Amino acid sequence: MKEEKNNESDKLMEKIVSLCKRRGFIFQGSEIYGGLAGTFDWGHFGVALKNNIKQNWWKKFVDSRRDMYGVDAAILMRQEVWQATGHVANFADPLDGKQFNTMLKTQVGAGEEAATSYLRPETAQGMFVNFKNTVDAFHPKLPFGMAQIGKAFRNEIAPRDFLFRQREFEQMEIEYFIRSEDWEKYFEYWKEEMLSWMEELGLDMAKVHELEVPDADRAHYSKRTIDFEFDFPFGRKELFGLAYRTDFDLSTHKLEYIDEDAGGKIVPHVIEPSMGVDRAVLALLVSSYTEDTKSDEVRGYLKFKPNIAPIICAVSPLLKNKSELVEYANLKVYAPLKAVFGRVAWDDNGNIGKRYRRQDEIGTPFCIVVDFDTLEDNTVTVRDRDTGEQERVKVSDLQDYIKERIS
Ligand code: GAP
């Protein structure tokens with residue numbers, strides 16, 4: 001029974017990895033030279049999906065709030081940063097009885113001037129080292145947060161499970177600064193915020209679980225951590241983390257804050273919601289991959305929400321060798337939709353059935369077909385990805401129709 005389940009899970013991962021490659025989402029890094037383990041390159045649809053996820057996150061946690069300040073810090077930082085935070089001493093995994101530091105070391109500068117530096121293993125420190133800059137520039141009142149999306153690097157001993165454990169990946173992190181006595185309140189608050197974002201993204205919430213990380217397993221800076229775990233096909237594993245970092249980082253960097261309300265200097269404490277972009281993509285692929293039977297054929301497709309899908313709609317002339325259909329589809333349907341929505345595809349490859357299958361696999365919610373009736377009555381067929389149902393819509397109503405369906 002267990003073996004059968006493992007086989008099913010292996011098959012599901014194989015299907016997702018193969019779809020991602022075949023349809024231009026995600027490729028192995030340095031593939032034509034045999035691949036570089038723990039790195040992936042993102043193709044056209046993968047970039048679109050990842051950008052939509054990041055934009056959605058930024059909109060919720062930065063743009064729609066009054067208490068959040070964005071940062072985009074350098075990946076290269078002075079090694080003193082990582083000495084101060086304990087990463088040089090502690091950021092290690094066991095390898096044959098020894099501790100192997102998983103920070104990626106590099107050299108900055110040439111000759112005698114060359115200094116050791118590290119590619120950041122977390123985006124968090126880029127925010128802490130800009131705490132003073134942010135306070136001086138914006139004068140925020142507690143509580144407030146800093147947010148960053150960016151690359152992080154770890155020389156993982158055993159990268160595996162597709163996007164799950166990589167050496168180069170992206171994080172979306174928030175450092176939320178609070179008064180120490182409020183930490184439990186804001187820990188709960190951010191737990192709920194993270195859960196609500198996962199749901200909005202379209203993750204299968206039945207697969208999301210909270211794990212209270214025991215003392216012995218917590219990072220050296222954390223007094224409480226919850227891991228949000230996800231039932232990936234290869235097992236229940238960490239998706240995102242929420243940590244109470246106390247005043248560890250600001251104290252370490254000798255930073256403080258003048259609390260006018262309390263009338264003196266304090267070192268704020270920090271709640272840190274930390275979310276990996278790549279694990280978000282993987283969890284979303286697993287949540288969205290669906291199989292059903294259409295016209296006696298099994299179809300596999302990605303059931304993305306329209307606001308997250310790489311392509312919102314595809315436009316097709318019924319026949320690509322009929323110039324009157326192609327011209328109408330191009331000028332009257334594709335061009336105006338493309339100008340408004342951007343993520344619109346032109347698809348005239350193969351017969352209509354093949355186009356539908358292809359767009360289903362990409363996760364395109366709507367396929368629009370221009371046929372001979374269109375030339376007579378200015379209506380088109382709009383086919384729904386999930387139900388396969390088709391309806392006729394007036395060309396003049398198309399923009400409003402799509403807007404309504406994706407809102
Ligand atoms: N600033 C806190 C921090 O970096 P972490 O639990 O080590 O905490 C945060 O990492 C998140 O980054 C994880 O929950 C996961 O989503 C993502 N992540 C960590 N290591 C990763 C790796 N090797 N490959 C892909 N994503 C990773």
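**Exercise 1. Polar contacts of the ligand**

In this predicted model, an oxygen atom of the ligand is 2.8 Å from an N or O atom in the side chain of Arg154. Take that contact as your starting point and find which ligand atoms lie by polar side-chain atoms of Gln171 and Arg279.

*Solution.*
Step 1. Begin with Gln171: a polar atom of its side chain is 3.1 Å from an oxygen atom of the ligand.
Step 2. Move on to Arg279, where a polar side-chain atom and a nitrogen atom of the ligand are 3.4 Å apart.
Step 3. Now look at how well the ligand is wrapped. On its own it has 550 Å² of accessible area, and the protein covers 91% of that.

**Exercise 2. The shell around the ligand**

Work out which residues come nearest to the ligand, which strand gives the most to the shell, and how the shell divides by class.

*Solution.*
Step 1. There are 21 residues around the ligand, and the nearest are Glu122, Arg154, Glu173, Glu238 and Leu239. You have already met Arg154 through its 2.8 Å contact with a ligand oxygen.
Step 2. Next, assign residues to elements. At least two shell residues come from each of β10 (168-178), β13 (235-246) and β16 (269-276). The top contributor is β13, with five residues.
Step 3. Finally, sort by class: the shell holds nine charged, seven nonpolar and five polar residues.

**Exercise 3. The largest pocket**

Where does the ligand sit, and what lines that space?

*Solution.*
Step 1. The ligand is in the largest pocket.
Step 2. This pocket has about 1200 Å³ of space. Its lining counts 45 residues, of which Phe91, Arg154, Ala219, Tyr221 and Glu238 are closest to the centre.
Step 3. The elements giving two or more lining residues are α4 (87-90), β5 (92-95), β10, β12 (224-232), β13, β16 and α9 (277-288).
Step 4. Here β13 again stands out, as eight residues, the largest share of the pocket lining, come from it.
Step 5. By class, the pocket lining has 17 charged, 17 nonpolar and eleven polar residues.

**Exercise 4. The cavity**

How many cavities of 30 Å³ or more does the structure hold, and which element gives the most to the lining of the largest one?

*Solution.*
Step 1. With the cut-off at 30 Å³, the structure holds one cavity. The largest cavity has about 40 Å³ of space.
Step 2. Its lining includes Ala314, Val315, Asp347, Arg355 and Tyr356. Two or more lining residues come from each of β19 (313-317), α11 (352-362) and β21 (366-370).
Step 3. The leading element is α11, with four residues.
Step 4. Sorted by class, the cavity lining has seven nonpolar, two polar and two charged residues.

**Exercise 5. Two backbone details**

Is the peptide bond between Leu142 and Pro143 cis or trans, and is phi of Asp96 positive or negative? Place Pro143 and Asp96 in the fold as well.

*Solution.*
Step 1. Recall the background: most peptide bonds are trans, and most residues other than glycine have a negative phi.
Step 2. Check omega between Leu142 and Pro143: the value is about -5 degrees, and the bond is cis. Pro143 belongs to the loop between α6 (131-138) and β9 (144-153).
Step 3. Check phi of Asp96: the angle is near 55 degrees, a positive value in a residue other than glycine. Asp96 is in the loop between β5 and β6 (98-101).

Methods: Residues numbered from 1 in each chain as written. Predicted model: local features only at pLDDT ≥ 70, side-chain atom pairs only at ≥ 80, totals over all residues. Heavy atoms only, no water. Near = heavy atom within 4 Å. Polar contact = N/O pair within 3.5 Å; in protein donor to acceptor, adjacent residues only side chain to side chain. Areas by Shrake-Rupley, 256 points an atom, 1.4 Å probe, with all protein chains shown as cover. 1 Å grid on protein atoms, 1.4 Å probe; cavity = no way out; pocket = protein on both sides within 12 Å on 5 of 7 lines; lining within 4 Å. Sits in = over half its atoms within 2 Å of the grid points. Nonpolar A, V, L, I, M, F, W, Y, C, P; charged D, E, K, R; others polar. Points joined across faces, edges and corners; volume = space filled by probe spheres on them.
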